[in-house]
Every structure is written in C-alpha cells, then in structure tokens.
Amino acid sequence: MITYKNVCKKYDDVTVVKNLNLTVHDGEFVVFVGPSGCGKTTSLKMINRLIEMDEGTIYIDDQDVNKIDGDQLRRGIGYVIQQIGLFPNLTIKENILVVPRLLKWSEEKCEARVHELLELVGMPYEENAHKYPKEMSGGQQQRIGVLRALAGEPPIILMDEPFGALDPVTRENLQDELKILQKKLHKTIIFVTHDMDEAIKMADRIAFMYDGKLLQVASPEDMLRNPADPIIKSFMSKHVSTLENQSLDLKCKDVMSTDILLITEQKKAMEIMSLMKQKEMNWAIVVDEEKTFKGTISLQNIKKQGELTGVAQDLMDTKAETILLTADAKEAFNRLMKSRAKFLVVVSENGKTVGIITKSIITEKLANVVWGDLDWVL
Amino acid sequence: MAMRFVVQHLYLVCMACLFTAFFGLILGAVAYMFKWIRSFILGVVDVLQTIPVLALLGVIMLFFGASSTTVIIGIVLYSLLPVVRNTYTGLETVDPGVKEAAQGMGMNRWQRLFKIELPLAFPMVFTGIRIAVVTSIGIAVFGAVVGGGGLGSTINRAILIQDMDTLMKATLMLMAMAMVFDFGMSIIEKRLQAR
Amino acid sequence: MGVVDFLNRYGDHLMRAIFVHLQYVFISVGAGFIIAFIAAVLLSRVPRFSKVVIPVLGIFQTVPGLVFIGVLFIYLGMKPITVIIALSIYAIFPILKNTYTGIINVDDGLIEAARGCGMSNFQILYKIEIPNAMSSIFSGVRMSTIYTVSWAVLAAMIGLGGLGEFIYRGIETNNNVLIIGGAVPAAILAMTLGYGLDLIEKKVTPRGLKGGR
C-alpha cells in the first residue's frame with residue numbers, strides 16, 4: 001500500500017504538487033492523468049525519490065520513504081520511463097539483470113529469472129538474451145524495459161508514460177500485454193500518462209491532476225459518467241461530439257459484445273481447441289442445444305486437464321454469472337465492480353445466450369456513446 | 001617582438017587557408033560525387049593529419065627548400081581534413097527530399113551540385129574552414145624551423161636566449177589570433193546557419 | 001644512399017631515437033590520461049560548469065606545444081622531465097575535453113533509468129556513464145597520442161633526443177637522408193599508434209555501442 005500524506009513539491013516559487021493525499025492499494029493499477037505540467041510525473045517520482053518532496057510524506061506499507069536510503073528504496077521499486085533507457089552497452093540479459101545484480105542475487109537465480117521473464121512476454125531466451133538494445137525495435141525494447149522493472153520482484157512498479165514514444169499499434173499491444181501481466185503478477189502499478197484513452201483502458205482507478213492538485217480519483221467508469229470538475233470533462237472530451245449522460249438509459253443489449261464462441265456440451269476438447277484457434281479466442285461459452293447457458297471454458301482449463309479426450313461438459317466452469325439482455329447497463333457495471341467477476345454472460349428473455357459484457361467492453365462502449373466514435377474502440 | 005613576424009605569420013595562415021579551402025572543397029565534392037574514390041580521399045586526408053608536422057615539413061623541404069612555400073604546403077596538407085570531411089558530410093546530409101525535387105525539375109548532376117547541394121552544405125563547409133584556420137595558426141609555428149618565419153621564429157629565439165618576456169608575448173599573440181579568428185568566423189557561421 | 005646503407009650507418013642510433021620517442025609518448029599520454037580522466041570525472045559532477053569549461057579548454061589548446069616546452073625549458077633546464085611535463089600538459093586537453101563531453105552527453109534517459117534501478121552515483125558513473133562515453137574518450141586518447149608523437153619531435157630542439165634529432169640535424173645541415181630517416185619513422189610511428197588504438201577500441205567496444213546509434 002502506498003499512501004501520500006499532505007505531499008507538496010515546489011520548484012523555486014512554483015508549487016507543482018499541492019497537498020497531495022492518496023492511497024493506492026496493493027495490486028491496484030492507478031493511473032495519474034492530466035495535462036502536461038500538472039504535477040503527475042513529479043508525484044510519481046516522489047515515490048522512489050527521484051524527486052524529493054518538500055512537505056508531507058509518502059508511506060509504503062507504513063514505512064516512510066524518506067527514512068529509507070534512496071538507492072535501496074529504488075532497488076525495491078520497478079521503474080519504467082518513456083525514453084525506455086535500456087543501457088546500450090549491456091546486452092538484453094544484462095539489462096534485465098541490473099537490479100538483481102545490485103541486489104546481489106546468486107548467478108543461478110539470475111539466470112533462472114531471465115529465462116522466466118523472457119518467457120513471460122514470449123521472447124525466446126536463445127534468440128534474445130544476447131542481443132543489444134539497438135538490435136531491437138522500439139516495442140521490443142520497451143518490453144525489455146518492463147521486464148527490467150519486474151526483474152527484482154518488486155511489489156510496486158512505477159511507469160512514467162512508458163508507451164508514449166511508441167507507434168499506436170505497438171502501444172496498443174503493449175498496453176494489452178501489461179494489463180495481462182498485471183493480472184497475472186498482482187503488482188501494484190502507478191502509471192503516468194497524458195492520454196485519457198490510455199488511462200481509461202489501463203486503470204482500476206484514475207487520479208486526475210490539474211495544476212498540482214488532485215481533482216478526482218475514481219474508476220474509469222465513474223469518471224466518465226460523473227466527472228467531478230469541468231476541466232476533467234473537457235480534458236476527456238477533446239475529440240467529442242455530444243456529452244450528457246445518455247449512458248444512464250443504456251441497456252445491456254447496447255453494451256454487450258456478440259463476438260463470442262458458443263460450443264455445445266458434448267464437444268470434445270480437441271474440437272474446442274481448434275475452434276478457438278480458428279476464431280483466435282482463448283475461451284468459449286458452453287450451451288446446450290437450446291442455447292441455454294451452461295458454463296464457460298478457457299484454453300487454460302483444457303490444457304490443465306492434460307488429456308484431450310474430455311468433453312466440454314466435464315471441463316467447463318459453471319461459476320460465471322448471467323444478466324438479462326434488457327437489464328440496465330448500470331446494473332451490469334455495478335455487478336462487475338462488486339463481484340470482481342471478469343465478465344457477465346448476457347442471456348435473452350427466453351434463455352438464449354447472446355453475448356458477453358466485460359469491464360473493458362462496457363467502458364469502451366460507454367465512452368463511445370458518450371463521446372461518439374473514439375479511435376481506440378475495438 | 002617584431003611586428004614583422006606577426007604579419008608573416010598571418011600571411012602564412014591566410015595563404016594556406018585559401019588553398020586549403022579551395023582544394024578541400026574540391027576533394028570533398030569529388031568524394032561525394034564519386035563513390036569509388038571516396039574512401040581513398042577521406043583515408044588520405046586522415047592519414048596526413050597523423051604525420052608529425054615537423055616530419056611532414058622536413059619532407060616537403062626536400063622539394064621546395066627552406067621557404068614559405070614549404071610551410072604553406074605543409075599547413076595545407078595538414079589542415080585539409082576538417083574542410084574535406086565537412087564538405088563531404090555537408091553534401092551527404094542535404095535533405096534527400098530537396099535533392100529529389102531538384103532532380104525532378106530536370107537538373108543534371110552538376111547543376112544539382114552547384115546550384116542546390118553546395119549552397120545548402122556551405123554552412124557546414126564553413127565550419128570546416130574555421131577549424132582549419134585555427135589549426136593553421138598553431139601549425140605555422142613550426143614554419144620557423146624550415147625557414148618560413150612567422151611567430152615560430154620569435155618563439156624559437158626566445159627559448160634559446162631564455163627570454164621569458166618575449167616568449168609570453170608571442171604566445172599571447174598566437175592565442176589572441178586563434179581566438180579572434182575563431183570568434184569572428186563563428187559569428188559568420190551562426191549567420192549562415194540562421195539563413 | 002639506400003635504405004640498407006642508412007640502417008647500417010644509423011641503425012643503432014635510430015632504434016635508440018625511436019625508443020626515446022616512444023618513452024616520451026607513453027609516459028606523457030599515460031600521465032596526461034590519468035590527470036585528464038580524473039579531472040573530467042570531477043568536472044562532470046557539476047554540469048553547470050560546462051559552459052565555462054569547454055571554451056577554456058579550447059583556448060588552452062591553441063597554445064602551441066612548443067611554448068610549453070619552451071617555458072619549462074627556461075625553468076627546469078635541459079632535462080627529460082622538461083619534455084615529459086610539457087607533453088603531458090599538452091596531452092591533457094584533448095582527453096579532458098573528450099572525456100568530459102562524452103560523459104556529459106550520455107543520454108539523460110539512461111541516467112534516470114539507472115537511478116530508477118537503484119544504482120548509486122558511483123555505480124552510475126562506472127557502469128553507465130563511462131562505458132557510454134568510451135568512444136569519445138578513445139578518440140581523445142588517440143588525438144593526444146598523435147599530437148604527442150608530433151610534439152615529441154621538438155624534444156630535439158633542446159637537445160633531448162627522439163626522432164626529432166634526425167630531422168633537426170637534417171634541416172640544419174641540409175642532409176636529406178637524415179630528414180627522411182627521421183620523418184618516415186616518425187610518421188609510421190604516429191600512424192601505427194593511431195591504428196593500434198583503433199584496433200583496441202574495436203576490440204573492447206560492445207556490439208551495442210558500435211555503428212550509428
């Protein structure tokens with residue numbers, strides 16, 4: 001847990017961070033967003049004390065960061081920057097191992113860690129470990145940048161506009177990967193960006209800063225629906241047509257995704273896998289002949305089972321919740337937020353499975369309705 | 001310290017730099033235009049600068065005797081490098097879009113070189129010449145040994161008769177010369193770059 | 001007179017001259033390097049000085065080596081140490097300037113990343129800044145070495161040997177053979193040392209720093 005307590009920062013006479021109070025919970029993905037010069041980067045860098053605060057303190061798990069040696073502190077916190085900053089004189093492997101070596105890990109442990117991390121982002125060790133940074137594309141380099149931050153197994157990662165210098169397609173990919181990584185590793189991530197789209201996509205909670213002040217901290221959905229300040233509203237609506245909360249009338253029908261893979265209970269594992277491959281999905285919804293919802297099944301589930309002779313019925317997970325097609329989108333929201341379920345299965349009034357709502361789908365659809373077509377929509 | 005030596009020194013430097021600029025430009029342009037001879041030209045001017053000045057002057061003296069000609073040739077050979085290299089790089093780094101546009105307008109290779117590329121590369125060439133001038137002022141000091149005169153004579157004599165006063169004056173004179181040229185030319189350089 | 005005759009007559013003398021010359025060069029560049037390197041690292045800790053430091057170094061570089069030798073000759077007399085101190089002073093400038101600019105020019109992003117990884121100032125210096133400034137440092141050393149070979153010729157002016165002895169005596173007595181006998185080895189020496197340094201640089205530079213960045 002990271003707690004800002006009355007934190008202030010001045011440069012000469014200009015106060016760039018004004019009395020900041022914020023708590024970030026373990027495993028949470030918090031995005032600082034705001035126009036340039038709003039103090040978001042300064043706020044980030046005060047956590048690992050690349051910038052020293054003038055007043056107030058920041059606690060990490062009840063420990064005052066000002067009472068820890070700066071270098072020691074930074075070795076325990078991952079850090080990713082926009083300029084990537086891979087060391088050109090070191091190989092990829094050496095770059096990744098900078099922090100573990102500073103922490104004096106044993107050689108075997110270092111070796112294992114590099115293998116593990118490269119595998120995590122699907123970059124084979126043999127091919128990549130001994131390359132130098134300039135032999136890689138920008139996107140690859142920043143993947144390594146993220147791995148370098150993860151290498152010392154820090155519970156907290158700070159990211160200062162990490163994808164700002166990348167082209168849109170690469171940025172999108174890396175955002176997705178980071179989101180997946182975070183789910184897998186449960187790191188606490190604090191992320192700075194000036195790009196609202198990125199903030200909405202990535203954040204569990206967005207912290208909106210303006211002129212050194214924290215204007216609002218809220219989940220992307222809340223901030224979209226109830227911006228606490230006209231500045232936030234205008235910042236979110238750079239390329240916007242209409243405003244106003246039409247979203248309140250939205251039904252599940254309007255926000256669901258119909259891009260789903262339906263399979264019947266008796267499908268064999270082998271078949272399911274090949275279907276998934278065809279549709280490029282790693283999960284599917286299991287239904288009976290009437291298309292009544294029975295459960296969900298993921299590629300992982302199948303693989304975990306080992307043998308591929310089973311049928312969908314035996315492999316599926318029946319815990320998923322359903323919601324009616326005609327229910328309010330708001331209800332879907334609340335349930336998604338509360339139950340921490342990854343998705344809701346949408347069923348029609350006669351019980352047929354018709355679609356799915358995930359957190360990111362609903363956010364995007366909502367934004368879409370509120371502001372018209374945004375370029376990041378699926 | 002006789003003023004005569006100062007004038008002589010300036011004469012050596014100026015004459016040498018005229019030749020350096022002239023030949024340097026030509027060699028740089030040739031290196032740019034003709035790929036097959038490029039690495040030869042760039043290599044030779046590079047090697048010339050590694051040869052000790054006195055050794056170079058001594059060898060030239062075999063052909064031209066102890067004279068200011070020897071010194072001037074020596075300075076030229078020694079200070080070619082910055083001019084040639086900057087000319088070449090300047091031409092090479094002219095915006096490819098501009099080059100293509102010139103070609104598209106129907107200019108041939110030489111027209112492009114003289115009307116477009118050289119004028120655009122000129123600020124960089126000028127930087128090369130400035131470096132060459134400042135280097136030359138130092139090199140000309142060696143001229144005294146091979147009969148070229150200049151402030152080198154003053155310094156040599158001052159060392160031999162242990163005249164600290166004259167030695168310092170001559171040195172300050174040299175430094176002043178170098179700084180005046182460096183400063184004056186860098187002002188012109190800024191104007192050129194601003195265009 | 002052919003090469004063989006020349007070597008028969010002056011071979012011993014030439015070898016001794018080359019040896020003395022090399023001694024001057026190595027000792028001076030070595031001493032100059034140590035001083036320049038330490039000074040550059042210290043100076044680079046206070047980057048706001050750079051606006052002053054670089055121009056001042058540039059001015060000192062315009063002082064001909066002859067003057068350093070001359071001044072020290074007047075104070076210290078005709079001793080080898082005179083030549084060595086003068087050449088060392090002269091060797092300092094290019095190395096100092098290149099090391100300093102090399103370190104100062106290391107990308108801020110790298111420094112920030114290094115600090116963010118928890119490196120101490122000293123670790124940043126020797127793991128990041130110096131390796132990334134290496135090619136600049138090398139070109140400074142190369143420049144100093146070649147200049148020093150050139151200026152060491154002047155040692156003969158105050159009677160302290162080296163290859164300049166051949167050149168000076170040749171010029172004074174109008175003996176072309178002596179001039180060439182001194183000039184050619186001096187030129188070869190300078191080129192060989194320059195080439196040698198290039199080779200070493202190529203050997204020790206990691207692949208990631210080679211070629212255009």
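Domain bounds, as used here, come from an automatic or database domain assignment. Keep in mind that this is a predicted model.

**Exercise 1. Find the two domains of chain A and describe how they meet.**

*Step 1: locate them.* In chain A, the assignment puts domain 1 at residues 2-236 and domain 2 at residues 252-371. Their C-alpha centres sit 32 Å apart.

*Step 2: look at the contact.* On each side, seven residues take part: seven of domain 1 of chain A touch seven of domain 2 of chain A. Together the two domains bury about 780 Å², and carbon and sulfur atoms give 70% of that.

*Step 3: find the main contributors.* Look at A:Glu221, A:Leu224 and A:Arg225, which supply 65% of the area that domain 1 buries against domain 2, more than any other three residues.

*Step 4: check for charged and polar pairings.* Between domain 1 and domain 2 of chain A there are zero salt bridges. The count of residue pairs in polar contact, both at pLDDT 80 or more, is zero too. As for where the domain 1 side comes from, helix H10 (residues 220-225) of chain A gives the largest share, four residues. Sorted by class, that side has four nonpolar, no polar and three charged residues.

**Exercise 2. Work out which parts of chain A the predictor is less sure about.**

*Step 1: start with the whole chain.* The mean pLDDT of chain A is 85, with 92% of its residues at 70 or more.

*Step 2: pick out the weak stretches.* Over residues 239-247 of chain A, pLDDT stays under 50, and the model gives this stretch 20 contacts beyond four places in sequence. Residues 374-378 of chain A are also below 50, with 14 contacts beyond near neighbours in sequence.

**Exercise 3. Compare the make-up of chains B and C.**

*Step 1: count the elements.* Chain B has eight helices and zero strands. Chain C likewise has eight helices and zero strands.

*Step 2: read them in order.* From the N terminus, chain B runs α-α-α-α-α-α-α-α. Chain C follows the pattern α-α-α-α-α-α-α-α along its sequence.

*Step 3: get the dimensions.* Along its principal axes, the C-alpha trace of chain B spans about 70 × 35 × 20 Å. For chain C, the C-alpha atoms fill a box of roughly 70 × 40 × 20 Å.

**Exercise 4. Describe the interface between chains B and C.**

*Step 1: count residues and area.* Here 31 residues of chain B are in contact with 30 residues of chain C. The buried area is about 2,700 Å², with 83% of it from carbon and sulfur atoms.

*Step 2: name the residues that lose the most.* On the chain B side these are B:Thr50, B:Leu62 and B:Ile159, together 20% of what that side buries.

*Step 3: look for polar links.* Between chain B and chain C there are zero salt bridges, and one residue pair is in polar contact, both at pLDDT 80 or more.

*Step 4: assign the surface to helices.* In chain B, helix H2 (35-50), helix H3 (53-64), helix H7 (151-160) and helix H8 (164-194) each supply at least two residues of the side that touches chain C. H8(B) gives the most, eight residues. By class, the chain B side has 24 nonpolar, six polar and one charged residues.

**Exercise 5. Now do the same for chains A and C.**

*Step 1: count residues and area.* This time, 24 residues of chain A touch 23 residues of chain C. About 2,000 Å² is buried between these chains, 58% of it on carbon and sulfur atoms. In chain A, A:Phe87, A:Asn89 and A:Lys134 lose the most area to chain C, together 28% of what that side buries.

*Step 2: look for salt bridges.* Chain A and chain C share two salt bridges. One of them joins C:Glu112 and A:Lys45, whose closest N and O atoms are 3.1 Å apart; the cut-off for a salt bridge is 4 Å.

*Step 3: add the polar contacts.* Between chain A and chain C, nine residue pairs are in polar contact, both at pLDDT 80 or more.

*Step 4: assign the surface.* Helix H2 (70-75), strand E6 (77-81) and helix H4 (98-102) of chain A each supply at least two residues of the side touching chain C. By class, this chain A side has 11 nonpolar, five polar and eight charged residues.

How values were computed
Residues are numbered from 1 along each chain as its sequence is written. Chains are lettered from A and ligands numbered from 1 in the order in which they are written. This is a predicted model: local features need pLDDT of at least 70, side-chain atom pairs count only at pLDDT 80 or more; totals for chains, interfaces and linings use all residues. Side-chain values use heavy atoms; hydrogens and water are left out. Contact means heavy atoms within 4.5 Å. Buried area is the accessible area (1.4 Å probe) that two parts lose on being put together, summed over both. A salt bridge is a side-chain nitrogen of Lys or Arg within 4 Å of a carboxyl oxygen of Asp or Glu. A polar contact is a pair of N or O atoms within 3.5 Å; within protein, one must be able to donate a hydrogen and the other to accept it, and residues adjacent in sequence count only if both atoms are side-chain atoms. Ala, Val, Leu, Ile, Met, Phe, Trp, Tyr, Cys and Pro count as nonpolar, Asp, Glu, Lys and Arg as charged, and the others, Gly among them, as polar. pLDDT is the predictor's confidence in each residue, from 0 to 100.
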